[in-house]
Amino acid sequence: STFSVGPEKAVDTLKLAVANGNMNIAQRALAHLMDNGKVDAIEAGLLFGFIRLVGGLNSSSTPSEYRPLNASNARHPSNTSEDTIDTCLHLLRTHHPTASMPPDIVHMLLERSLGNDDLQQFDTLWATCKAASDASPLLANNTYVMIMEAYSRRGLLENVIEVFDCFKSAAAESAVIAKQTKTRPVTKPLDDTAYFILIDAHLKNESQPNLNAALDIFHKMATTANPSPTLPIFNRLINATAFKGDFDTANLLFGMLKSANLRPDHNTYNALIDAYANADDEVNMQKVLLEWREDVLGRTRTAVRGGSKLRPPTMIYCNTLMSVLAKSNSPSGPEDADAILKIMTQHGGCGINQITVISYLCVFKRRGLYTKVRDMFYSFEKVYGVPPSTDAYNVLLACYAHSRSTAKMSQLVDEMRLQKGLHLNQRSYRILVGGFASALDIDGVLKWMKDLSDPSLVAEGRHEKLTLEWPMVESLAWAVVKKEKFSASKTHRVADVLNANLAVVKALNGDIAIHSTALADVHLEALIADVLRDDAQNRSGWSPEPFKMEELLDEAGFSADSPVVAPYATTLKLVVEMLEKQLKAGAFAREESRLSALKSLKRATGAFTMSNHLKERVKLLMQALEEIKN
């Protein structure tokens, strides 16, 4: 309906509407006054009262004539009419430019600009507050804290310092006014929150974190005790000093907690453990973890009424330390792992999960304590209710691979698949192929390669994409050559058996051949073995066919146009030994054989570092080949 009161009555209506918390009538009254050009009749206090009503503020600081009688009608800030607030602010700037904005209105407007992500408006409001009060506006403590936090989040250290200084000045001025007027101060003395924000801003300043400045602030707090440093401040500084590697200062701060009548919490211990983990210092990590656990137990035994409870070490931090032990060579690793496991599984401990199991088993596997791994593997599920994962089985498989227990490895795979419903992953196949190759079980190696390439396993639920890796092929080639070289049967050439097995792998790999220096190296070893075997069988002398060493290098894969340039030193030694034997047998009487041997030596020694002894043998051999020409 039409707002029918006259302009002269509209101001009274607006007052009543604001006093009674009636948003609808207040907005209509304001609109009526604006339409009739009577806004200059609205007092500043009434406009502030209207802003409070729209913003849903507590109106205790509102003059009694503008204070809502029914506060329940006031809207929540989330429902605030932005246009109405902007209108009131415009009227204040236009008709009451000297009116001082009340602290609660300042807080609401600053909070509103942050909520709207309007940083420019936020900066303008703060600048206006400073200008209106000679740089130190009397604002509520939570307003100053909000401003400091806002600038700290933006990484504006200078602004944080400026607001902090204004905060201190305003608190001092407010205390004087409160004493003179016998009222409560608007800005109360600074508490630890403001100091924490100031210290934190120095530490997270991206351009130049200033730990020394933060420690200076802390020192002043500790000296004046007004306010004293709190636990969050200690924790922040312990975290900063420890991560900088200044563990002396971090531990000094940790020791000061007791004299400050403070007790560390889980954040204190977490900060130290994180820093020691970052420095790969498992000794001190474990020391802190044990101290943390003892602190938890101590507080449980001697509980003090009102005393703070301490969270026990979390599974994440215990697992972090366990994983560090699994990668370290510390002699005390096994004892340390047992101690951490005890902490985790004791009454009130954090418990364990599959990550714990894997890291724990790896601690013992790394040190060759395979019996311990086998003994503990099944106890985790039986005692602690944590079933083994594929990665845990991989640790156990690796232990049996080391002892070449291929039958047990196959049994474990059946157990994984049939009893646990687990799938082998890429690492599983690496271990199986390596273990069977180490046992010279060629059929077993090919079996696992075929198993890896079996598409039906994907249909059964294996999600990981698995591939035949060149180290697997190298393991197969190494096993074939080793087995054939020492085989009692001399009916098959070593290189032929190797090529037959590599053809099977190529078919599994989509007819794509796999090339590597190590594979060519093994191939060359097979060819040398065949030459030496032929030599042993042909006791009447060398074949009338000229011997060309270059052809062996090319056939092995060390061709001129191949990225594989020269054999490893071990195989090069076999080449030198073979050429030395042929030299003694007179195989290089033919010029083409001699030149081929010389070129081969130059090619084979051009890429890899050799021992001085092998260099000397190569040098003497080449000199001998040169002398044949002369």
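A disulfide is a pair of cysteine sulfur atoms within 2.5 Å. Keep that cut-off in mind as you explore this predicted model, because a search of the whole structure for such pairs finds zero disulfides.

**Stop 1: two cysteines**

Select Cys399 and Cys362 and show their side chains. How far is the sulfur of Cys399 from the closest cysteine sulfur? The distance is 8.8 Å, and the partner is in Cys362, so the two are too far apart for a bond. Now switch on a surface around Cys399: its relative accessible area is 0%, so Cys399 is buried. Then jump to Cys166, which also counts as buried, at 9% relative accessibility.

**Stop 2: helices α18 and α20**

Go back to Cys399 and colour the helices around it. Select α18, residues 370–377, and α20, residues 390–402. Their axes lie 10 Å apart, and the helices pack at an angle of about 140°. That angle makes α18 oblique to α20, because only angles over 145 degrees count as roughly antiparallel. Turn the view until one helix lies in front of the other, and you are looking at a left-handed crossing.

Next, show the side chains that make the contact. From α18 come Tyr370, Val373, Arg374 and Phe377. From α20 come Ala392, Tyr393, Val395, Leu396, Cys399, Tyr400 and His402, so you meet Cys399 again here. Try colouring this group by residue type: nine are nonpolar, one is polar and one is charged.

**Stop 3: helices α2 and α4**

Move on to a second pair, α2 (residues 23–35) and α4 (residues 82–95). Here the axes come within 12 Å and cross at roughly 45°. This pair is oblique too, because 45° falls outside the ranges for roughly parallel and roughly perpendicular. The crossing of α2 past α4 is left-handed.

Which residues of α2 and α4 make the contact? On α2, select Gln27, Leu30 and Met34; on α4, select Thr84, Thr87, Cys88 and Leu91. Colour these by type as well, and you will find four nonpolar, three polar and no charged residues.

**Stop 4: a loop leucine**

Finish at Leu262, in the loop between α12 (247–259) and α13 (266–278). With a relative accessible area of 22%, Leu262 is partly exposed. Which residues does Leu262 touch, leaving aside its neighbours within four places in sequence? Select Pro229, Thr230, Leu231, Phe234 and Leu257 to see them. Now draw a line between the C-alpha atoms of Leu262 and Leu231: they are 6.7 Å apart in space, although 31 residues separate them in sequence.

Key. Residues are numbered from 1 along each chain as its sequence is written. This is a predicted model: local features need pLDDT of at least 70, side-chain atom pairs count only at pLDDT 80 or more; totals for chains, interfaces and linings use all residues. Side-chain values use heavy atoms; hydrogens and water are left out. Axes are lines fitted to C-alpha atoms, for helices over the stretch in contact, and angles run from 0 to 180 degrees between N-to-C directions. Helices (H or I, at least four residues) and strands (E, at least two) are DSSP runs, numbered from the N terminus. Angles under 35 degrees count as roughly parallel, over 145 as roughly antiparallel, 65 to 115 as roughly perpendicular and the rest as oblique. A crossing is left-handed if the near helix is turned anticlockwise from the far one by less than a right angle, and right-handed if clockwise. Contact means heavy atoms within 4.5 Å. Ala, Val, Leu, Ile, Met, Phe, Trp, Tyr, Cys and Pro count as nonpolar, Asp, Glu, Lys and Arg as charged, and the others, Gly among them, as polar. Buried means under 20% relative accessible area, exposed over 50%, partly exposed in between (1.4 Å probe, protein chains only).
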